[in-house]
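User: I would like to go through the helix packing in the structure below. Please reason from the geometry to each result.

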Amino acid sequence: DYKTSRADIDEEEEEDEDYVRRSGVPSPDYLSDLKKTFDRNVDTAPNNYEVRKLYQQAKYADQAGDVESAKVYLYKLRDVTPSDTRVIRRLARFEMQGGNSQKAREILQSGLRKIPKDGNL
């Protein structure tokens, strides 16, 4: 039953978010579940729930100090949400912090070409 399974998912998600709030770091099980969600084929159009989970995965990897994983998640997220300036800016920031200013510039310029009138870039 869709409603039951959706309720179960929401309950599990709430428990995971409570753990993160208490500990400040996502549990390994939560990161593993997020990775499974993220690693699915992105050729299909993602729904809002999936996109939100992907954002969380990138955020939690960043909070855990795993910048490389966060970048991988953000690059994949950029593929499914190419007009999301938050993703573009965060990717550019990670590249700058990693000393790759040329890559950061390319990311921002690519975003500007796609959405030239967006003042957030």
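User: Which residues in helix 5 do Tyr-55, Lys-59 and Asp-62 in helix 3 meet?

Analyst: The model is a predicted one. Contact here requires heavy atoms within 4.5 Å. By class, the contact of helix 3 with helix 5 has three nonpolar, no polar and five charged residues. On the helix 5 side, the residues met by Tyr-55, Lys-59 and Asp-62 are Arg-86, Val-87, Arg-90, Arg-93 and Phe-94.

User: Is helix 3 roughly parallel or roughly antiparallel to helix 5?

Analyst: The axes of helix 3 and helix 5 (residues 85-97) come within 13 Å and cross at roughly 25 degrees. Angles under 35 degrees count as roughly parallel. The crossing itself is left-handed. Helix 3 is therefore, relative to helix 5, roughly parallel.

User: Is helix 3 roughly parallel or roughly antiparallel to helix 4?

Analyst: The axes of helix 3 (residues 48-63) and helix 4 (residues 67-80) cross at roughly 160 degrees and come within 8 Å. The threshold for roughly antiparallel is an angle over 145 degrees. Helix 3 is therefore, relative to helix 4, roughly antiparallel.

User: How many nonpolar residues does the contact of helix 3 with helix 4 have?

Analyst: From helix 3, Val-51, Leu-54, Tyr-55, Gln-57, Ala-58, Ala-61 and Asp-62 take part, and they meet Ser-69, Ala-70, Tyr-73, Leu-74, Leu-77 and Val-80 in helix 4. Sorted by class, this contact has one charged residue and two polar ones, and the nonpolar residues number 10.

User: What handedness does the crossing of helix 3 and helix 4 have?

Analyst: Two packed helices are described by the angle between their axes and the distance between the axes. For helix 3 and helix 4, these are roughly 160 degrees and within 8 Å. The handedness of their crossing is left-handed.

User: What span should the 16 residues of helix 3 have, at 1.5 Å a residue?

Analyst: The expected span is 1.5 Å times one less than the number of residues. The end C-alpha atoms of helix 3 are 22 Å apart, which agrees with an expected span of 22 Å.

User: Is Thr-85 buried or exposed?

Analyst: Thr-85 lies in helix 5. Leaving aside residues up to four places away in sequence, Thr-85 touches Ile-115, Asp-118, Asn-120 and Leu-121. The cut-off for burial is under 20% relative accessible area. With a relative accessible area of 8%, Thr-85 is therefore buried.

Note on methods. Residues numbered from 1 in each chain as written. Predicted model: local features only at pLDDT ≥ 70, side-chain atom pairs only at ≥ 80, totals over all residues. Heavy atoms only, no water. Axes fitted to C-alpha atoms, helices over the stretch in contact; angles between N-to-C directions. Helix = DSSP H or I, 4+ residues; strand = E, 2+ residues; numbered from the N terminus. Parallel < 35°, antiparallel > 145°, perpendicular 65-115°, else oblique. Left-handed = near helix turned anticlockwise from the far one by under 90°. Nonpolar A, V, L, I, M, F, W, Y, C, P; charged D, E, K, R; others polar. Buried < 20%, exposed > 50% of the residue type's maximum accessible area, 1.4 Å probe, protein only.
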